[in-house]
Amino acid sequence: MGPMAMKLMAAAAAAALVLVGCTNLALGWNGAGVLHVAGKVMCQDCTKGYNEWVNGDRPIKGSKVSLTCMDERRRVMYYNSDETDELGQFEMTVNKYINGKELKENMCSVRIVSSPDPTCNLLTDFGAGKSGLKLTQPSFIYRDLVKYVVGPFYFTTPLCDQPDTTESSDDYRGKNY
């Protein structure tokens, strides 16, 4: 066997190993019966200087985060919420099968709901926390563990709330100015 044939066989063997690895990864992902969803909720204070604002976020203990999963007909199939710990972290565990139906991760979204901190309780959409972040790709897959890590999500202070100043053209219909 010549050197070229040996190189081709080595390349084919490497490609086969990659294919087997990807197949095992996909089987592990689809075979897991439980999903884990974790993340963090923080307070961001815009009244600080830039460096403090960028690096000065702090965790909010007791923030409520929700997970909502829909079925193919856009009906709520699963809903649950969790509260953050002293580090602002949450983790929810969900059975992948609800009433005999398989939960589709890509039809689930996580969002922030409320903050118990009276000085930092305004929802922001930074990281899609207010509108909801869809579960698209797991952060960790290992054997039967499928885990999505989202966020961080942020609340902000009342001083940082900016009013909506956009005007719709419908606002002026029928009015004489």
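**Group meeting: one aromatic pair and the sheet around it**

Okay, so let me start with a small thing: there is one aromatic pair in this structure. The partners are F126 and Y154, arranged edge-to-face, with 5.2 Å from centre to centre and 65° between the planes. If you're wondering about those two numbers, a pair of aromatic rings is described by the distance of the centres and the angle of the planes. And this pair ties together distant parts of the chain: F126 sits in the loop between strand 9 (122–123) and strand 10, Y154 is in strand 12, and they are 28 residues apart.

Before I go on, keep in mind that this is a predicted model. The mean pLDDT of the protein is 79, with 68% of the residues at 70 or more. There are weak stretches, though. Residues 10–29 have pLDDT below 50, and beyond near neighbours in sequence that stretch has 10 contacts in the model. Residues 172–177 are also below 50, and there the count is two contacts beyond near neighbours in sequence.

Back to the pair. Which of its two rings belongs to a buried residue, and which to an exposed one? F126 has a relative accessible area of 57%, and the cut-off for exposed is over 50%, so F126 is exposed. Y154 comes in at 9% relative accessibility, and buried means under 20%, so Y154 counts as buried.

What else does F126 touch, once we leave aside neighbours within four places in sequence? The contacts are P152, F153 and Y154. For P152, the C-alpha to C-alpha separation from F126 is 8.4 Å, with their positions 26 residues apart in sequence.

Now let's zoom out. The protein has two helices and 12 strands, and along the sequence the pattern reads α-β-α-β-β-β-β-β-β-β-β-β-β-β. Of the contacts between residues at least 6 apart in sequence, 67% join residues at least 24 apart.

The sheet I want to show you is an open one with four strands, in the order 4-3-8-10, with antiparallel pairing. Strand 4 (76–83) and strand 10 (133–134) are the edges; each has a single partner strand, so one side of each has no neighbour in the sheet.

Let's walk across it. Strand 3 (residues 64–70) and strand 4 run antiparallel and are joined by seven bridges. Two bridge partners to look for: S66 goes with S81 in strand 4, and L67 goes with N80 in strand 4. These two strands also make a hairpin with five residues between them, and R74 in the turn has a positive phi of about 65°.

On to the next step in the sheet: strand 3 and strand 8 are antiparallel too, joined by six bridges. Here T68 stands opposite S109 in strand 8. And S109 turns up again, since its bridge partner in strand 10 is K134. Strand 8 (residues 108–114) and strand 10 run antiparallel, with two bridges joining them.

How much of strand 3 is buried? Six of its seven residues are, and the strand is mostly covered. For the protein as a whole, buried residues make up 32% of the 177.

That brings me to the inside. The largest nonpolar core has 25 residues, and the ones touching the most other members are L67, F90, L103, V110 and L135. Strand 1 (34–44), strand 3, strand 4, strand 5 (89–95), strand 8 and strand 12 (145–156) each put in at least two residues. Strand 12 gives the most, with five.

Have a look at L135 while you're in there. Apart from neighbours within four places in sequence, L135 is in contact with V37, L67, E105, N106, C108, V110, Y148 and V150. L67 and V110 are on that list, and both are also among the core residues that touch the most other members.

One number for the outside: the protein exposes about 11,700 Å², of which carbon and sulfur atoms supply 56%.

So, what to take away? Strand 12 is worth a second look on screen: it gives the most residues to the largest core, and it holds Y154, one half of the aromatic pair. The other half, F126, lies in the loop between strand 9 and strand 10. That's it from me.

Terms used:
Residues numbered from 1 in each chain as written. Predicted model: local features only at pLDDT ≥ 70, side-chain atom pairs only at ≥ 80, totals over all residues. Heavy atoms only, no water. pLDDT = per-residue confidence, 0-100. Contact = heavy atoms within 4.5 Å. Pairing = 2+ DSSP bridges. Core = buried A, V, L, I, M, F, W, Y, C linked by side-chain atoms within 4.5 Å. Buried < 20%, exposed > 50% of the residue type's maximum accessible area, 1.4 Å probe, protein only. Phe/Tyr/Trp six-rings, centres within 6.5 Å; stacked < 30°, edge-to-face > 60°. Areas by Shrake-Rupley, 256 points an atom, 1.4 Å probe, with all protein chains shown as cover.
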